[in-house]
Amino acid sequence: MSLYAIAVFLHIVGALGLFAALGLEWASLLNLRRASAVGQAREWARMLASLRAVGAPAALTLLVTGIYLTATRWGGQGWIGAGLGGLVLIAVLGATLTGRRAGAIVRAVAADAGAVSAALGDRLRDPVLLVSAWVRTALALGIVFVMSTKPSSAGALTAMGVAVGLGLAAGLPAWGRGRRAPSPTGA
């Protein structure tokens, strides 16, 4: 077995870890939006805040193995730059949009008890959290697309632009629903 094959395997494991972190984030966000008691919100907020323990090692694995694969096999291809740019954008959006809000939610639920107040409910249903999750999920899928198809630089940038656009298009309806409490029927 070659070092290249091991690097490819670890690169794929890193991608799976990134998608696992996104899946856990989605579960946290959707359950936070439905929480009616602070205790429920506290558990899901802890999960949301702890996603760095999964996402950071996954991203680091992707980065290190990607650099190795680029240096040993692929060289400077446009699709590699687009994928790396997408990974950086995922990290920046996660830290600035989701990370800060998750930290504020963790602090808010630690100091509260009983039913979810209106102010806490607004934090739990912050539409920025969903828009961020949609855009980062679409970016991750865009990265998989460009890594799989290896398009030209223009094609890779177009694909990543389409991914951002689709993520925004999917997430922006959450802005309209925004901070409204979900109905008891879930509609």
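**Stop 1: helix 1 and helix 2**

Helix 1 passes helix 2 in a left-handed crossing, and that's a good place to start in this predicted model. Select residues 3-34 for helix 1 and residues 38-49 for helix 2; their axes come within 9 Å and cross at roughly 155 degrees. Angles over 145 degrees count as roughly antiparallel, so helix 1 is roughly antiparallel to helix 2.

Now show side chains where the two meet. On the helix 1 side, pick Leu24, Glu25, Ala27, Ser28, Leu29, Asn31 and Leu32. Across from them, in helix 2, pick Ala41, Trp44, Ala45, Met47 and Leu48. Sorted by class, this contact has nine nonpolar, two polar and one charged residues.

**Stop 2: Glu25**

Stay on helix 1 and click Glu25, which lies in that helix. Is Glu25 buried or exposed? Its relative accessibility is 5%, and buried means under 20%, so Glu25 counts as buried.

Which side chain makes a polar contact with the side chain of Glu25? Select Arg136: the two side chains make a polar contact at 2.3 Å. Leaving aside residues up to four places away in sequence, Glu25 touches Leu48, Leu51, Thr98, Ala133 and Arg136. Leu48 is also one of the helix 2 residues that meet helix 1, so keep it on screen.

**Stop 3: Val13, still in helix 1**

Slide along to Val13, also placed in helix 1. Val13 is partly exposed, with a relative accessible area of 35%. Draw a distance from its C-alpha to that of Thr61 and you'll get 8.0 Å, though the pair sit 48 residues apart in sequence.

**Stop 4: helix 2 and helix 4**

Keep helix 2 selected and add helix 4, residues 78-110. The two pack at an angle of about 145 degrees, with their axes 9 Å apart. Their crossing is left-handed.

To see the contact, show Val38, Ala41, Arg42, Ala45, Leu48 and Ala49 from helix 2. From helix 4, add Thr98, Ala102, Ile105, Val106, Val109 and Ala110. By class, that gives 10 nonpolar, one polar and one charged residues. A few of these should look familiar: Ala41, Ala45 and Leu48 also meet helix 1, and Thr98 is among the residues that Glu25 touches.

**Stop 5: helix 3**

Next, select helix 3, residues 52-74, and color Gly55, Ala58, Leu62, Thr65, Gly66 and Leu69, which are buried. What covers the buried residues of helix 3? Helix 1 and helix 4 are included in that cover.

Look at helix 3 against helix 4: the axes come within 12 Å and cross at roughly 170 degrees. That angle makes helix 3 roughly antiparallel to helix 4. The crossing of helix 3 and helix 4 is left-handed.

Where they meet, helix 3 brings Ala59, Leu62, Leu63, Thr70 and Trp74, and helix 4 brings Trp79, Ile80, Leu84 and Leu87. The class count here is eight nonpolar, one polar and no charged residues. Leu62 is on the list of buried residues in helix 3 too.

Before leaving, step just past the end of helix 3. Gly75 follows helix 3, and its phi is positive, near 70 degrees.

**Stop 6: Lys150 and Ser153**

Jump to Lys150, in the loop between helix 6 (127-149) and helix 7. Lys150 has a positive phi of about 50 degrees although it is not a glycine. With 33% relative accessibility, Lys150 counts as partly exposed.

Then click Ser153 in helix 7, which covers residues 153-177. Ser153 is partly exposed, with a relative accessible area of 40%. How far apart are the C-alpha atoms of Ser153 and Ile80? They are separated by 8.8 Å, while the two residues are 73 apart along the chain. You've seen Ile80 before, among the helix 4 residues that meet helix 3.

**Last stop: the whole chain**

Zoom out and show everything as a cartoon. You'll find seven helices and zero strands, running α-α-α-α-α-α-α from the N terminus on. The C-alpha trace spans about 55 × 30 × 25 Å along its principal axes. Of the 187 residues, 37% are buried.

One more number to keep in mind as you rotate: of the contacts with a separation of 6 or more, 82% are between residues 24 or more positions apart.

Methods. Residues are numbered from 1 along each chain as its sequence is written. This is a predicted model: local features need pLDDT of at least 70, side-chain atom pairs count only at pLDDT 80 or more; totals for chains, interfaces and linings use all residues. Side-chain values use heavy atoms; hydrogens and water are left out. Axes are lines fitted to C-alpha atoms, for helices over the stretch in contact, and angles run from 0 to 180 degrees between N-to-C directions. Angles under 35 degrees count as roughly parallel, over 145 as roughly antiparallel, 65 to 115 as roughly perpendicular and the rest as oblique. A crossing is left-handed if the near helix is turned anticlockwise from the far one by less than a right angle, and right-handed if clockwise. Contact means heavy atoms within 4.5 Å. Ala, Val, Leu, Ile, Met, Phe, Trp, Tyr, Cys and Pro count as nonpolar, Asp, Glu, Lys and Arg as charged, and the others, Gly among them, as polar. Buried means under 20% relative accessible area, exposed over 50%, partly exposed in between (1.4 Å probe, protein chains only). A polar contact is a pair of N or O atoms within 3.5 Å; within protein, one must be able to donate a hydrogen and the other to accept it, and residues adjacent in sequence count only if both atoms are side-chain atoms.
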